[in-house]
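Open your viewer, switch to a cartoon view, and keep the selection tool at hand. We will go from stop to stop, picking out one part at a time.

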Amino acid sequence: IVTPRVALVTGTSSGIGEAVVRHFCSLGHQVLAVDFNPAGQEVAEQAGAAFFQADLTDGEACKAAVSEAVKRFGRVDILVNNAGIQHVSPIEAFPEAKWRQIIDLMLTAPFLLTQAAWPSMRENGWGRIVNIASVHAQVASPGKSAYISAKHGMIGLTKTAALEGGAQGITANAICPAYVKTPLVDNQIADQARLHGMQEQEVIEQIMLKNAAVKRLIEPAEVAELVAYLASDAAGAVTGASWNIDLGWTAQ
Ligand code: NAD
């Protein structure tokens, strides 16, 4: 039996965030889905969640999202920081504006959302922060400096939140997936295929799964299951941890 909670999930119009919203709704949680893409409205409605449109690169929008959850549902129990983008370019040519956008969205927004949701969690003596990081929070690949820096930083934020939240009933954990079957990855497959003159299936097998022991892409629902566990009462002793769902990538 799952205790119904109030959850704020970011980056919900597709991929992992969408899967988390669906899974949380199926468990009976009240969910505020937050995304800058208006398509998130329909996704949320179908799942039975509320929707709040916000560009999370804007700090005020982060605060407004938490205020909206508190206004609608009275509190925030679970925060899932998931919204993210990718940009691939060598450091020498990496546009500064892209770097700043990625750090704003994938490191500063999780910090601001954590900060804004904290008082509600502290007052209730119960909170769960789940940060969707990446295998690229553990290891690097060329061309992804901003993404990898943001994700490594997210692990630091997770550990600090865990230490500060321990006495207040608030846990914070990160999930580190390898390639998940989502639009973010579909775009990368198409880009790499063009770049290397390869078939898309060859890109998946020879590039994306090169370091994988389990030779397949991950399903968004598989990530959502782990998010739900980390957000549950059962996971109260789990905090400050990074959970790999990486097909064995970092085992070597
Ligand atoms: P996705 O592109 O399907 O979803 C990303 C979501 O973030 C979208 O709904 C998008 O609209 C939203 N978003 C983007 N910019 C935003 C902004 N400025 N404000 C608000 N929302 C914004 O991608 P996904 O693969 O589901 O990625 C979700 C998270 O998982 C990301 O943080 C990503 O880094 C991480 N991740 C993905 C993979 C993978 O292989 N797909 C692997 C490891 C980690």
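Which of the 27 residues around the ligand come nearest? Select Gly11, Gly15, Gly84, Thr182 and Leu184, and you have them. Bear in mind as you look that this is a predicted model.

**Around the ligand**

Now widen the selection to the whole shell and colour it by class: you should find 13 nonpolar, 12 polar and 2 charged residues. Next, highlight helix H1 (15-26) and helix H6 (183-196); at least two residues of the shell come from each of them. For the wider view, give domain 1 (6-177 + 219-244) one colour and domain 2 (179-217) another. The ligand's shell takes residues from both domains, so it lies between them.

**Into the strands**

Select strand S2, residues 30-35. Is this strand largely enclosed or largely open? Largely enclosed by the rest of the structure, because 6 of its 6 residues are buried. Turn S2 to look at each face: Gln30, Leu32 and Val34 are buried on one side, and Val31, Ala33 and Asp35 are buried on the other.

Add strand S1 (residues 6-10), which pairs with S2 in the parallel sense over 5 bridges. To see a single point of this pairing, pick Ala7, which stands opposite Val31 in S2. Then follow the chain from S1 through H1 to S2; you are tracing a right-handed β-α-β crossover.

The other partner to select is strand S3 (residues 50-53), parallel to S2 and paired with it over 4 bridges. Here Leu32 has Ala50 as its bridge partner. Show helix H2 (residues 40-47) as well, and S2, H2 and S3 appear together as a right-handed β-α-β unit.

**Along H6 and past its end**

Return to H6 and try the distance tool on its first and last C-alpha atoms. Its 14 residues reach 20 Å, close to the 20 Å expected at 1.5 Å a residue. Step just beyond H6 to Gly197, where phi is positive, at about 60°.

**Last stop: Lys215**

Where is Lys215 found? Look in the loop between helix H7 (200-208) and helix H8 (220-230). Is Lys215 buried or exposed? With 12 other C-beta atoms within 10 Å, Lys215 is exposed, as a residue counts as exposed at 12 or fewer. Finally, select Gly248 along with Lys215: the two are 33 residues apart in sequence, and their C-alpha atoms are 9.5 Å apart in space.

Key: Residues numbered from 1 in each chain as written. Predicted model: local features only at pLDDT ≥ 70, side-chain atom pairs only at ≥ 80, totals over all residues. Near = placed C-beta within 6 Å. Nonpolar A, V, L, I, M, F, W, Y, C, P; charged D, E, K, R; others polar. Domains from an automatic or database assignment. Buried ≥ 20, exposed ≤ 12 C-beta atoms within 10 Å, placed from the backbone. Pairing = 2+ DSSP bridges. Right-handed = clockwise from strand over helix to strand, strands pointing away. Expected span 1.5 Å × (residues − 1).
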